[in-house]
Every structure is written in C-alpha cells, then in structure tokens.
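Work through the exercises below with the structure open beside you. Try each task before reading its solution.

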Amino acid sequence: MNTPPDPGRLYREFAKGIWKENPVFVQVLGMCPMLAVTNSAINAVAMGAATAFVLIGSSFLVSLLRSFIPKQVRISTYIIIIATFVTVADFTLKAAVPSVHKELGAFIALIVVNCLILGRQEAFASRNSVRLAVADAIGMAAGFAFALLCLGATREILGSGSLFGHLLFGEHFEPWVIMVLPPGGFIMLGVILLFFGFLRERKIRRRTRVSEEAAS
Amino acid sequence: MNSNLVWIFISAMLVNNFTLYYFLGLCPFFGVSGRLKTAFRLGLATIFVMVITSLCVSFLNAFILPYAPYLRLISFIVVIASTVQFVEMVIKKLSPALFRALGIFLPLITTNCAILYLAISQTKADYSVIEGLVFAVGAGGGFTLALVLMAGLREEVELSNVPAMVKGTALNMIIAGILSLAFMGFAGLFSGT
Amino acid sequence: MTEVQLTISAGQQPSQPSSLRLVLTLGIAGLLSGFAIAGAYQITKPIIDANNARALEAAVFKVVPGSTRMRKLALRDGLLVPVAGDEPVTDPVVYGAYDDAGDFLGYAIEGAGSGFQDIIRLLYGYDPVRRCVIGLEILESRETPGLGDKIYKDAAFQANFEALSVEPPIVVVKDGRDADNEVDAITGATISSLAVVKIINTVTGAWLPDLPPPGEEPPAPPAEPDAPEQEQQGGER
C-alpha cells in the first residue's frame, strides 16, 4: 500500500476518464448539470471548473481518510465532505465572478447530488491510494469538463451563432434558437451519444472483420 | 392570493416542469421509466418526499437559517437524507408489500436533484408554508407526469424496430427532447393577462 | 501510529464498530466542515456584499439617468425613511437617486411578476414630478432567447421606457407609440412585453399613494469621505 504506484498506472487512471470511461458519453452520469448549464460555452467552462474543484478535493480527502471512516457511515461522511467543498465553491464563485454565478444559479449547489462525484468516491477514492485517487479524479473531471464544453460550444454556435460570446457569423445568420432552449439540450446530447454509438459500432464491426480475415 | 397559488402550481408542474425544463431528476427519469407501473409508484413516492422536505425547509428557513445562512446547503442535504430514511422506515412498517415494490428506488430519491432544487428555489422565492406545499405538490406532480409520459412512450418504442446503434440512451434523449418541446407549449399560460 | 493501525484493522474486521465511533466520526466530520464553511463564508462575505451593492448601484444609476448617488428608503408608518444599505428591513423599499449636487432626481423601484416562462424581476426609474417612468432594467428573467429576451436586449423596446407616463395606466400597443402612456410591443414577444408593463402598472399603483409629494423627498445621503476611492476601484474592474 505504501509503495508509490508506477507512472504508467497513474497515467492510465487519469486517461481513462477522458475517453474510454468518459463520465458523460460512456457512463451517462451527471446529466442534470450537463444539460442545464450548457446553453453557452462560458457556463460550461465555469461548471466544469466548479465540478473539478469539488471532485478532486473530495477524492483527495476521502482517499486520505479512507481507513478512518467506518463503513456504516461512509455515505453520510462523503456527502458532508462533498457538501463542504460545494459550499466553498459556491461562495468563491459568487465573490469572484458574480455574473457567471447568476447564470448558473442553483446548479452550483446541485453539484452535491451529482451522481458522478459520489460515484467516484464510492467506486474509486475509498479503495485506492491518494495519488491514484487524485489522478482518477483529475481524469474524470477533465472528461466531464470536455463533455460539457462539447455540448456547450455546439449549442451556443447553433443557438446563438456565437462562441464564448463572440459572434461567429455575419448579420444574416438566423440563430437556431431551440438549441439554447431545454429541448435542444436533450436532442443535441442525443445526437452526440448517437455519434459515440456509431463509433463503437464501427469499432466492433472492424474488429470482427479483422478476426474473420485472420480466420479465413 | 388564490390565483397566486394556482400560478405556483401550474408553473411548477407544466410551464417550468422540473424534469423537462430544468433537467432535474434525470437519473430516475431515464433509469426508472422503462415500466409504466414502477414509474408511477416512484412518482408518488417522490411527491411524498417533496412535501415533507418542503415542510422541513419552511421550518429551517423560519427558525435556524437566519442565524447561520452558510449552513443552508448542508442542512438541506441532511433534511432530505433523513426524510428519505424516515419514509423508508414508515413504509416498511406500515406496508411491507409497497416497500418491496419500491425496492431500490426509495433510497435513490436522496440523490434526486429535483428535491434539493425544490428546497433551494423555495428558499429563494421566499414561499410561505402553504405556498411551499403547493409548490412541492406541483413540482412532484410535474415530475410524475413527465416520468409516466416517458414510460408510456418507451413501452411503445420497445415494440418497434430500431437500429441497434440508436437504441438505448441516445434514443431516450431524443424522445425526451421531443417531450420537452411539447411542454414548451405551456409557456405563457399565465402571464400578461 | 498505533491508533492508525488499530483503526485499519478494525476497518478490515467484519464486526460492527461501536455506535459511539460512528457518531464520533460523523460529529468530527460535521464539525470540521462547519469550520471550513464558516471560514469561507467570513472571507467571501464582504466581497459578495460589495459585489451586490455595486450591481444594485449600477442598476439604480442606469434607470435614473444622471444620478450618481443613491440611498435606500423604507416605508414605515406611511413615511419614507432612509435606512443603511446593509440593514435588513421587512418594510417595502425603494431607492432614492440623487445627482452630484444632492438634488433628488427620482426613485428606483423594484417589481416582480410572472413572465412568459418564469418570474421577471425588474427595476425601473420613476420621476415623481413628470409622473413618468424614466428607465428600465431587467434584473432577472428566463424569457425565450431571441424573442422574449428582447425586453432587455432590444434598445428600441427599452426606449419606450425613457419617458413613459403612468397616468392613465400604461398600455401595450402593436402599431407604434402615439401617446405618452403607450409601449410598443416587441414583435413575437407580446406576452413578455405585456408582462413587463403589467408589473410596472401594479407596482406603481401600489406605491403612488405612499410617495411623498414632489419636493419633500428625503435628502441625499451625506457624502462619504472614502467615496472617490471606492469609485476608482469600481472603475478599474
């Protein structure tokens, strides 16, 4: 337990969150904030940063204290730890960037019940060393932020014709307003998931073709 | 006053439907909407938890939080978790059959963000106890409505021939999008007149 | 060290740890989290308060053109009395706006009501001498992007509120203004336009009987000694 994990393992734990086990596109976790705040890229970035702060902080603490926390009360303790980080993030955002905080509103507080965070504590941080837990948390947070940004940027480009508030198209661009409205969130995420399904399908088909060729 | 209550109810249930407009409670919305019957039961349990939470939050807001506003989030979470635990115990005692039928869904209500959002927005809007109750029933009713509609649609879709690639979450998302689109028609139901 | 090993071995045993230990763990976690939160609150509160005050000030100065100083006024026993900015009040509140010389320019009044989607909260300037609305700022709304959100994004709609008579009550028209009390509705967002006007009419109707006659408004706040410094800070951000 005390031997430091080799760098290769650290990297693997980090990298899996971004693509192979991406919390949104593959595991379909943390949907509420995912859809609610992604009507613009800047909101997506703020939400991603806040979630990352909470996830990394709580993974670190949970992993550090994993041997002190009795099994029976672990969930309650995790929730207290997470809620503390969320409250701190909430105050900090409110003080530092009030305009963004106003846009995100209650969804900062709702990070507490983001199943992604509690899920990582239960599934990973509570049974791995601090370094691995932090690597895993950074990877998952990056994957989550990446997904938020994908969705936020697409919706903002299509729905308001801008990216990070800068207009992209000329005067005559008619924004596809539905994309920044709630239905657009569902439909866009559906389309993105469809794309991932397509990638997976193609990979499987290619693999079977390769094995068939090898067999013949 | 009465029209205000009606507005709170309709607004929480239809115009600003928690699930289809604010994207709250999506985990159970996608997880439990496979069968109509379970969806309906979970909806009822959620309404119940929401009503109790709303009462507790009114109490907290009146007596404790003015002195310690920074403990808001933590106290809400604790209230919700203990309410769910309490409801679980009561149902287990009173009706073991219903308890078995609800199974895993009861504890899952704790992590339903719709309930925490209810607590937060009730505080923000400064609702009285009665208004809070109406808001809770409206929001829970809206969640149940969305859940039941979704479950009905999914039971139908299951019978049709869908390409394997589309099946699953992607298809559910797009169905939810269309439902959400339909609910947008309720906007403007109660204003400017 | 021994304690750590003890707890580790206790954690590995399948047997139930004592309930005292469970309560203790939760208690310590709660206590630490309480300290952390209270600390963060203490550090951020002054900044958050300053942000809110600055945002409010900017909104008041916008809806009462030409104003540079403001003070919070609460309605107590039928009289408008000045209150400190951070004092919690349960009475209805308006903001008095004054120019550099301390002359009263108008009130900034807050109102809220149901819009097309959700509650609209707004602040508008009211000139008691001309008896008209002189400026409008939407504080909070979730109106449809591209249509309803023109209530705060569309300059032409905002221009309706630069000199808008409140007597007779404001009405919404669709074919251009031709009276002082008319607002030209936004095409495609009639309901949002109606909602804004309805809020202003209701709030004004409620406030008018309680406002003192023109000329008898509470005096301007005493000039703060550190005001210029604060202004500079505000300008830098």
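**Exercise 1.** Find how much area is buried between chain A and chain B, and what share carbon and sulfur atoms give.

*Solution.* The model is predicted. Start with the area: chain A and chain B bury about 2900 Å² between them. Carbon and sulfur atoms give 88% of that. Next, find the main suppliers on chain A. A:Cys32, A:Val113 and A:Phe186 supply 23% of the area that chain A buries against chain B, more than any other three residues. Then count the residues in contact: 34 come from chain A and 32 from chain B.

**Exercise 2.** Count the salt bridges between chain A and chain B, then the residue pairs in polar contact across this interface.

*Solution.* Take the salt bridges: the count is zero. Take the polar contacts, with both residues at pLDDT 80 or more: the rule again finds zero pairs. Now locate the elements involved. Helix H2 (31-36), H4, helix H6 (115-123) and helix H8 (182-215) of chain A each supply at least two residues to the side that touches chain B. H8(A) gives the most, with 12 residues. Finally, sort this side of chain A by class: 29 residues are nonpolar, four are polar and one is charged.

**Exercise 3.** Turn to the interface of chain A and chain C, and work out its buried area and the carbon and sulfur share.

*Solution.* The area buried between chain A and chain C is about 1900 Å². Carbon and sulfur atoms make up 77% of it. Which three residues of chain A supply more of its buried area here than any other three? They are A:Phe68, A:Gln72 and A:Phe91, with 26% of what chain A buries against chain C. The contact itself takes 21 residues from chain A and 23 residues from chain C.

**Exercise 4.** Describe the polar side of the interface of chain A and chain C, starting with its salt bridges.

*Solution.* Salt bridges first: the rule finds zero. Polar contacts next: there are five residue pairs, both residues at pLDDT 80 or more. Then the elements: helix H4 (74-96) and helix H5 (98-104) of chain A give two or more residues each to the side that touches chain C. H4(A) gives the most, with 10 residues. By class, this side of chain A holds 12 nonpolar, seven polar and two charged residues.

**Exercise 5.** Write down the strand order of the open sheet in chain C, and explain why one side of S2 and of S7 is left without a neighbour.

*Solution.* The sheet has seven strands in the order S2-S1-S3-S4-S5-S6-S7, with antiparallel pairing. Strand S2 (79-83) and strand S7 (164-165) of chain C stand at the edges. Each has a single partner strand, so one side of each lacks a neighbour in the sheet. Zoom in on one pair: S3 (residues 93-98) and S4 (residues 104-114) of chain C run antiparallel over four bridges. There, C:Gly96 has C:Tyr107 in S4(C) as its bridge partner. Now add the helix. Helix H2 (residues 19-63) of chain C packs on the sheet and touches S1 (69-76), S3, S4, S5 (119-127) and S6 (132-140) of chain C. The direction of H2(C) makes about 150 degrees with that of S6(C).

**Exercise 6.** Count the helices and strands of chain A, then list its elements from the N terminus on.

*Solution.* Chain A has eight helices and two strands. Their order is α-α-α-α-α-α-α-β-β-α. For the extent, box the C-alpha atoms along the principal axes: chain A fills roughly 65 × 65 × 30 Å.

Conventions
Residues numbered from 1 in each chain as written. Chains lettered and ligands numbered in written order. Predicted model: local features only at pLDDT ≥ 70, side-chain atom pairs only at ≥ 80, totals over all residues. Heavy atoms only, no water. Contact = heavy atoms within 4.5 Å. Buried area = accessible area lost by both parts, 1.4 Å probe. Salt bridge = Lys/Arg side-chain N within 4 Å of Asp/Glu carboxyl O. Polar contact = N/O pair within 3.5 Å; in protein donor to acceptor, adjacent residues only side chain to side chain. Nonpolar A, V, L, I, M, F, W, Y, C, P; charged D, E, K, R; others polar. Pairing = 2+ DSSP bridges. Axes fitted to C-alpha atoms, helices over the stretch in contact; angles between N-to-C directions.
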